[in-house]
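Me: Could you take a close look at one part of this structure for me, starting from the way its strands pair up? Once that part is clear, feel free to wander on to whatever else you'd point out.

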Amino acid sequence: MNVFQLALTVAFILSGAAGLIYESIWSRYLGLFVGHSAYAQTIVLVMFLGGMSAGAAWVARKSSTLKSPLLWYARAEAACGVIGLGFHTIFTSVTAFCYDTLFPALPGGTTLLVVKWVIAALLILPQSVLLGTTFPLMSAGYLRAASPDGRTGSGKVLANLYFANSLGAAGGVLLAGFTLIAAFGLPGTLTTAAILNVLVAAMVVAAVQLAQEAREAPVDDVPVPAQAEGPTSPWLPRTLLVVAAGTAVSSFMYEIAWVRMLSLVLGSATHSFELMLSAFILGLSLGALWVRTRADTFRDPLRALAITQWVMGALAILTMSVYMTSFTWMVSLLQALAKSDEGYALFSFTRYAICLAVMLPATFCAGITLPLITRMLLASGAGERAIGAVYSINTLGSIVGAALAALVLMPLIGLKALLVSGAVIDMALGAWLLWTAGSASRTTRRMAIGLTGATVVMTLGSTLNAPFTREVLTSGVYRYGRIERGTKNVVFYEDGRTATVSVRKSSDTREYSLSTNGKPDASISAAWFDTVVTGQRMMNGDESTQILLPLVTLAHAPKARTGAVIGQGSGMSSHFLLGSPYLKELTTIDIEKEMVRGSHTFYPANRRVFDDPRSRFVYDDARSVFAAARRPYDFILSEPSNPWVSGVSGLFTDEFYRSARRYLAPGGVFGQWLHLYEIDDALVLSVVRAVHRNFASYRIYLTMDVDILIVASNDSTLPEPAWDVFDYPEIAKDLRRFRRVSPEALEGTLLATRASLAPLMGARGPINSDFHPVLDLGAERTRYRKIAARGFMDMTGDRFDILAALDGRRVGFGAETRESLVLPRAAKRAESARLRAGEPPAELDTTDTDREYRQIRARVAAFRDVMAAPHAPTDWWTWFRMAIEVERDIHGGVSGVIDSSYYAEVERYMTKWKAPDAAHSAWRFMRAAGTYNWEGVTAEVAAQLKARIAGHTWLPVDIIRPASVVALVKTGDRVKARKVFEVLDRYSVLEAGDLRVEILRALVPPPKAVRTDLQ
């Protein structure tokens, strides 16, 4: 390979990288416009492939008449770059015009859909056509330069170009997904691809000019048309083109089946899909590399092609055993790797290896076929047009394979049968090729008979090879690191168009769990099926969220007449909302029809969503539904799957909320669910910032200890919740299974308001958006690391609730001694109520609650014994720590109020026995902080700061710091507040990024801190 050829090869590697960057980013852009449903995803792919096929077909017709294919190639790359630079601006302008002007003027229905798809196609069609021309043009130019007759050594040249382009594509997928989007967002990633295009164009032009100067003649003049190497059959070109189309159909069937299969092992996160796609393309690249030195030397290339086709299908079937073993590999992997950033990097690398283990054998063979087919056509005298023709017909086959597999075969026959069907196509093509070539050789005929019989055997044997055990497939091994066998029965399993949906029933607790690609999305307990209703259970687990999400939302719009729910899940949300006697219509939106069918196993717990005439289902992407409906709702409740699932994070973005607010009726409310487990405070805040930017008012409620609900409104004041919705007859009837949830308990679920979070929203911080998807990029890492949003989770359990203090919101002592909700504040208030009521502990400490209450009583009794002693304590510091612990127990879950009698009792004791001044100061500090007496707090700040620096820990630093900062800010001394924050930061046990740290930091910004427009 000379310098000229090396330059073209490097350029084509970069071109491949740019092409796959475009494909991955365009799918994100168009998904925002047309939705992420199975139809939308497939049609976007069809439009992209269709444009490429058209471009390749044009080159096939024109190639031989082009004087300089390489310069035409450079022009195509440069044009792609120019369009890429302007794509973001074009996209945002066109879509804004559609939503604001065009769509409202259309009648809706089919007309709206057709117009939307035509616009989507036009947005990417020019670039797709240009990309389709690149391979045929580069191949023609390279061949003219490397081969004087356009035929000699063509196999090596074509294989080299297939290898280079595919290698770049495999790298481009990973570069975009793991680096570029995080660094530059979608617009910046497109710009990077565009720069690559321009760079490639410049490289090719420079290489051509240098080569021409060296030779003093054009390097790519039109050569004399190549003649066939020997007599060829007239049927050969047509046969080879059929094979090129057929192998594309089977390859896309493999790809779609493998992506879904591996999602059950690796998880269905965006990064997982990127790893799968890259591995698939890398297999093609390696196959092309292998055939590079062999394509021109096969004694019987047709037979080599036939055997390769057959082996490809056979390997696809045989690697199903590897696939099923990969579940065990994932168990070992998760048990061995540390839950750290380094462990996550190794986890991603190993997932890539798993993808290669499953995909590489068959894709390696697939990488051999196209170079070999194209080389055979060139050798038969087809000329340069063969290059574009093969590329075009192969792309058309890809369109058929993608649509057939995703929209028809996947839901009809399932994963395993889909994969086997693709294998049968390949094996049948291989056997057919040998039959076709067998007329000239008895040996070849015998081989054809053998392969035909082997195809039948392999197909029948596939039913026994590596059975797809549903218990294993639905285990969620990528999340839990284990495969539970014999403990849960799979009562529902379907491979839908967008996901594999399953329902498992626990054999001991009779709990039902509904999962998407192995990830649980909802569950209910046996209580919903029991005929005897006791009403003594707490709402816990998923049930708490599934009940509070709809009812807390409804409480802010109690007379709502129309509503929409995004995400069926268990169907419980829609069921409870339909318990409102005022509701006239409820639309439940889900992207996957099998999710609704699977949730029917929860019947009758969710009966109203199926039986109530006011209920209707729409199967589509939520954005598309709202755009098409163009109607206002009294409430919208969004509870999709976890945002680390590919495509879901788009329902948590700035742009989505901007759109959703348009569909709220006057006085309407928007409810947004988000989890606090497997995510960090920064990612949660990226969603809250998006809500803050788009809604004039909102509140955040805890629906269980690891879930929140954001209720937002366009109005400047969010309506006060009408908790009597819990007493609507149908709703109250359902809630008889649980302890009564009182208004007192429900008020205790409030975590934050817009006012309390406003200082933090005005500080610098990422906002989750369509074009800078920080949630999508970061959520899988936090899921792997098992990180929790500790600041949000623990805030209401802290003795000093920063957000309540900023609001001036007081949470008084509770009267209920049995909590009805599993929430930090509810549990602590119930313990405090039991303690104040003098309630004895349970006879047996069978639960965590019983054990905790025994310990609380023991601490209080021990402290009172010390207080009753006729002498001062032997160690005031130890005594004071006991006083603080009892203070926490007595004031559990309250904020802004204190038990004055307890404070007075401790003060009398300290005065009587002459406690140190520092202890008196600390106690005054606690009293003032507990009553929101900010002047009283500031009076003691200096003493507490001095004691802490000296090493005296009378009070925990994570009480001193927040109370001091809030008090100083409230009294107008931000300079001193900043000093306190910085001095005490080194002593805090809270991690950087914790909500509690960030809200304090935002309260005391540096003097020249830059503000955004979020205030």
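Reply: Let's start with a pair of residues: valine 503 stands opposite leucine 514, and leucine 514 sits in strand 3. Before going further, keep in mind that this is a predicted model. The valine's side of that pairing is strand 2, residues 500–506, which runs antiparallel to strand 3 and is joined to strand 3 by five bridges.

Now follow strand 3 to its other partner. Strand 3 covers residues 512–516 and pairs with strand 4, residues 519–524, again in the antiparallel sense and over five bridges. In this pairing threonine 516 faces lysine 519 of strand 4. The two strands make a hairpin with two residues between them. One residue to click on in that turn is asparagine 517, whose phi is positive, at about 50 degrees.

Zoom out a bit and you have an open sheet of four strands, ordered 1-2-3-4, with antiparallel pairing. Strand 1 (488–495) and strand 4 have a single partner strand each and stand at the edges, so one side of each is left without a neighbour in the sheet. Going from one strand to the next, the twist averages 20 degrees.

Further along the chain there's another open sheet, this one with eight strands in the order 7-6-5-8-9-11-10-12 and mixed pairing. Strand 7 (615–619) and strand 12 (750–753) are its edge strands, each pairing on one side only. Neighbouring strands here are turned against each other by 20 degrees on average, ignoring direction. For a look at one of those edges, take strand 10, residues 697–704, which pairs with strand 12 antiparallel over three bridges. There isoleucine 700 stands opposite alanine 752 of strand 12.

A couple of backbone spots are worth a click too. Glutamate 678 has a phi near 55 degrees, which is positive although the residue isn't a glycine. You'll find glutamate 678 in the loop that links strand 9 (664–675) to helix 21 (681–694). The other spot is the peptide bond from tyrosine 603 to proline 604, which is cis, with omega near 10 degrees. Proline 604 belongs to the loop between helix 17 (593–599) and helix 18 (607–611).

Next, the second largest pocket, with a volume of about 550 Å³. Its lining has 20 residues, and Glu819, Ala827, Glu831, Asp848 and Thr849 are the ones nearest the centre. Helix 28 (824–837) and helix 29 (848–868) are the elements that give two or more residues to this lining. Helix 28 supplies the largest share, six residues. By class, the lining splits into 10 charged, seven nonpolar and three polar residues.

Last stop, a helix pair. Helix 30 (residues 876–890) packs on helix 32 (residues 917–930) at an angle of about 10 degrees, and the axes are 12 Å apart. Helix 30 is therefore roughly parallel to helix 32. On the helix 30 side the contact is made by Phe880, Ala883, Ile884 and Glu887, and on the helix 32 side by Ala919, Ala922, Trp923 and Met926. Sorted by class, that contact has seven nonpolar residues, one charged residue and no polar ones.

Definitions and conventions: Residues are numbered from 1 along each chain as its sequence is written. This is a predicted model: local features need pLDDT of at least 70, side-chain atom pairs count only at pLDDT 80 or more; totals for chains, interfaces and linings use all residues. Side-chain values use heavy atoms; hydrogens and water are left out. Two strands pair if DSSP finds at least two bridges between them. Axes are lines fitted to C-alpha atoms, for helices over the stretch in contact, and angles run from 0 to 180 degrees between N-to-C directions. On a 1 Å grid over the protein atoms alone, a cavity is a set of points where a 1.4 Å probe fits but cannot get out, and a pocket is an open set with protein on both sides within 12 Å along at least five of seven lines; lining residues have an atom within 4 Å of a point. Grid points are joined across faces, edges and corners, and a volume is the space filled by probe spheres set on the points. Ala, Val, Leu, Ile, Met, Phe, Trp, Tyr, Cys and Pro count as nonpolar, Asp, Glu, Lys and Arg as charged, and the others, Gly among them, as polar. Angles under 35 degrees count as roughly parallel, over 145 as roughly antiparallel, 65 to 115 as roughly perpendicular and the rest as oblique. Contact means heavy atoms within 4.5 Å.
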